[in-house]
Amino acid sequence: MMKHKIWPLTLGFIGLVTLSTAAFSANDSERTLTDSYIVSSDTEIRLDATVGTVELRVTEGEVVEIELRVESDDDGWFASGGDLSEVLIKGERSGNQLEISATPHDDMSQHWKVSVPRSRLLEVNLGVGEISGDLPFNNVKVDLGVGDVSLNLANGEYGLVEASVGVGDTSLRNFGNTQENRMLVTSESSYRGNGSTDVQVEVGVGDVTLTRSN
């Protein structure tokens, strides 16, 4: 049932960057970058992150907008130092797929804010941290190693909404009849409807809350 894995964190990217800016903070311990990519309703969007947070937002139109703040702090729990000047947002296109990540990814915490339009699929992979925010009415796959997921799903008729956790708890809200399966420390919650849009969330250790908007 639980097929969680932390995705490989080094990808060879051929960047397709439509807009990129960066700024340093006064103490030089963090850096903020922005980027954007044009997509269509047939695009499959994939975000690969390491340690930190991912905040999702819904946007109209056909542009994925990204703000990434990276932190390098020798005293931090998430980070152990790194060269902020070398950090870049990387994107690679292959057919109808767009893959986004940051490089280099070592020794820094990443805090992503991603504005997402409607697309065929949104996939988010994070090693350790938190994934939160709002989703469009979209096929979604989320894979988190350790941490919490709290997402607001657009109102609509879904085919499958499923949350599974190896160690922790799961909750589906505003979905009517749901199936709950809890055994020892594992938890799975699922909903089946008559639609064709699916949302699947897998977490190794942590909690998942998925709420459908009224």
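**Cavities, surface patch and salt bridges in the predicted model**

The largest cavity in this predicted model is lined by I45, L47, V64, I66, I100, V114, V116 and L122. Three elements, β3 (44–58), β4 (63–71) and β7 (109–116), each give two or more residues to this lining; strands here are DSSP runs (E, at least two residues) and helices likewise (H or I, at least four), both numbered from the N terminus. In character the lining comprises eight nonpolar residues, no polar and no charged ones, where Ala, Val, Leu, Ile, Met, Phe, Trp, Tyr, Cys and Pro count as nonpolar, Asp, Glu, Lys and Arg as charged, and the others, Gly among them, as polar. The volume of the largest cavity is about 50 Å³, and two cavities of 30 Å³ or more were counted. A cavity is defined on a 1 Å grid over the protein atoms alone as a set of points where a 1.4 Å probe fits but cannot get out, and lining residues have an atom within 4 Å of a point; grid points are joined across faces, edges and corners, and the volume is the space filled by probe spheres set on the points.

Residues are numbered from 1 along each chain as its sequence is written. Because the model is predicted, local features need pLDDT of at least 70 and side-chain atom pairs count only at pLDDT 80 or more, whereas totals for chains, interfaces and linings use all residues, and side-chain values use heavy atoms, with hydrogens and water left out.

The protein chain contains zero helices and 13 strands. Of its 214 residues, 45% are buried, the classes being buried at under 20% relative accessible area, exposed at over 50% and partly exposed in between (1.4 Å probe, protein chains only). One of the strand residues, A102, lies in β6 (residues 97–103) and is buried, with a relative accessible area of 5%. The C-alpha atom of A102 is separated by 9.4 Å from that of L47, although the two residues are 55 apart along the chain; L47 is also among the residues lining the largest cavity.

On the surface, V146, V167, M183, L184, V185 and V205 make a nonpolar patch of about 580 Å². Such patches are made of residues with over 30% relative accessible area and no salt bridge, nonpolar side chains (Val, Leu, Ile, Met, Phe, Trp, Tyr) being joined within 5 Å and like charges within 9 Å, and accessible areas come from the Shrake-Rupley method with a 1.4 Å probe, only the protein chains shown counting as cover for residues. Within this patch, L184 is placed in the loop between β11 (179–183) and β12 (186–192) and counts as exposed, at 85% relative accessibility.

Seven salt bridges were counted, each defined by a side-chain nitrogen of Lys or Arg within 4 Å of a carboxyl oxygen of Asp or Glu. In one of them the side chains of E30 and R69 meet at 3.7 Å, N to O; E30 lies in strand β2 (residues 30–38) and R69 in strand β4, so the pair ties together parts that are 39 residues apart in sequence. Both residues count as partly exposed, E30 at 24% relative accessibility and R69 at 26%, and together with E71 they are linked in a network of salt bridges. A salt bridge also joins R46 to D48, with the closest N and O atoms 2.9 Å apart, and here both partners are buried. In the pair formed by E180 and R182, the closest N and O atoms are 3.0 Å apart, with E180 partly exposed at 41% and R182 partly exposed at 44%.

Terms used
1 Å grid on protein atoms, 1.4 Å probe; cavity = no way out; pocket = protein on both sides within 12 Å on 5 of 7 lines; lining within 4 Å.
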